[in-house]
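User: Hey, can you walk me through this one? I'd like to start with what surrounds the ligand.
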Amino acid sequence: MKGIVFTEFLDMVEKKFGIEVVDHIINESKLQSDGVYTSVGTYDFVEMQSLLINLSKKVDIPLDGLIYNYGLYFFNVLTSVHPGIFALYKDPIELLSSIENHIHVQVRKLYPGAELPTFKIEKKNEDHLEILYFSERAMYMFAKALMEKTFEHYDQGSEIRLEKIEDDGTKVRFVISKKHGAYQQ
Ligand code: HEM
């Protein structure tokens, strides 16, 4: 997993819960890196898992909720670090259906060693998208947050439902619809 995912995660934890909580989760997790990350480095995903588990224990918020919230936060990082990629798309469904064949292809060049999910489009029209998510890391709540934020980025409302195909979340179907009418948060 790329260092930027760790550095931004620890920044979010510091902003939401304070530096003491950052120190606590780093100390509680057995980290090969000792909790020292550079944004271009690559680190074991197990480190992110233990940071998340220790945060969940410390602040008493379920893992899924923490990962979802981290996705909301990370979207803002993506739009500020890579505005050019978002400028290429005018519509959230177009963007989401291009992750596999365009966006993450670019990401692999920009971030060598990135561990990315696979997406397979099952159904697509201008208002609706059904897409399968595959990843050993089972970060489907992170994906859901990024998808919702993508619609918000284009001032559009969405309804996103997920169906776990594998119980462990390594294969998940997302059923995504545009919500017409005024954008509502
Ligand atoms: C992971 C970049 C858009 C879904 C990642 C990672 C990067 C990245 C750097 C971390 C890889 C690693 O740690 O090894 C980008 C950029 C985007 C973009 C630059 C747009 C400009 C999206 C969008 C989605 C998405 C719109 C919506 C579903 C994911 C997921 C992961 C991920 C779910 C977590 C890894 C996993 O599930 O296995 N992306 N991404 N990305 N990205 Fe993207």
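Analyst: Sure. First, some vocabulary: Ala, Val, Leu, Ile, Met, Phe, Trp, Tyr, Cys and Pro count as nonpolar, Asp, Glu, Lys and Arg as charged, and the others, Gly among them, as polar. Also keep in mind that this is a predicted model.

User: OK, so how do the residues of the shell around the ligand divide up?
Analyst: There are 21 nonpolar residues, four polar ones and three charged ones.

User: And which residues come nearest to the ligand?
Analyst: Out of 28 residues around the ligand, the nearest are Lys 2, His 104, Glu 115, Tyr 133 and Ser 135.

User: Which helices supply at least two residues of that shell?
Analyst: Helix H5 (83-87), helix H6 (92-96), helix H7 (99-110) and helix H8 (140-153) each do. The largest share, five residues, comes from H8.

User: What does the iron atom of the ligand have as a donor from the protein?
Analyst: A single one, the NE2 atom of His 104, 2.2 Å away. His 104 is part of helix H7. A polar side-chain atom of His 104 also lies 3.1 Å from a nitrogen atom of the ligand.

User: What about the oxygen atoms of the ligand, what lies 2.6 Å or 2.9 Å from one?
Analyst: A polar backbone atom of Glu 115 is 2.6 Å from a ligand oxygen. For Arg 137, an N or O atom in the side chain is 2.9 Å from an oxygen atom of the ligand.

User: And what kind of space does the ligand take?
Analyst: The largest cavity.

User: Switching topic: how many aromatic pairs are there?
Analyst: Eleven. One of them is Tyr 70 with Phe 142, a tilted pair at 5.6 Å centre to centre, with 45 degrees between the planes.

User: Where do those two sit in the chain?
Analyst: Tyr 70 is in helix H4 (residues 63-81) and Phe 142 is in helix H8. They are 72 residues apart, and the pair links distant parts of the chain.

Technical notes. Residues are numbered from 1 along each chain as its sequence is written. This is a predicted model: local features need pLDDT of at least 70, side-chain atom pairs count only at pLDDT 80 or more; totals for chains, interfaces and linings use all residues. Side-chain values use heavy atoms; hydrogens and water are left out. A residue is near a molecule or strand if one of its heavy atoms lies within 4 Å of it. A polar contact is a pair of N or O atoms within 3.5 Å; within protein, one must be able to donate a hydrogen and the other to accept it, and residues adjacent in sequence count only if both atoms are side-chain atoms. On a 1 Å grid over the protein atoms alone, a cavity is a set of points where a 1.4 Å probe fits but cannot get out, and a pocket is an open set with protein on both sides within 12 Å along at least five of seven lines; lining residues have an atom within 4 Å of a point. A molecule sits in a cavity or pocket if more than half of its atoms lie within 2 Å of its grid points. Helices (H or I, at least four residues) and strands (E, at least two) are DSSP runs, numbered from the N terminus. Donors are N, O and S atoms within 2.8 Å of the metal (3.2 Å for Na, K and Ca); water is not among the atoms, so sites may look incomplete. Rings of Phe, Tyr and Trp (its six-membered ring) pair if their centres lie within 6.5 Å; planes under 30 degrees apart count as stacked, over 60 as edge-to-face and the rest as tilted.
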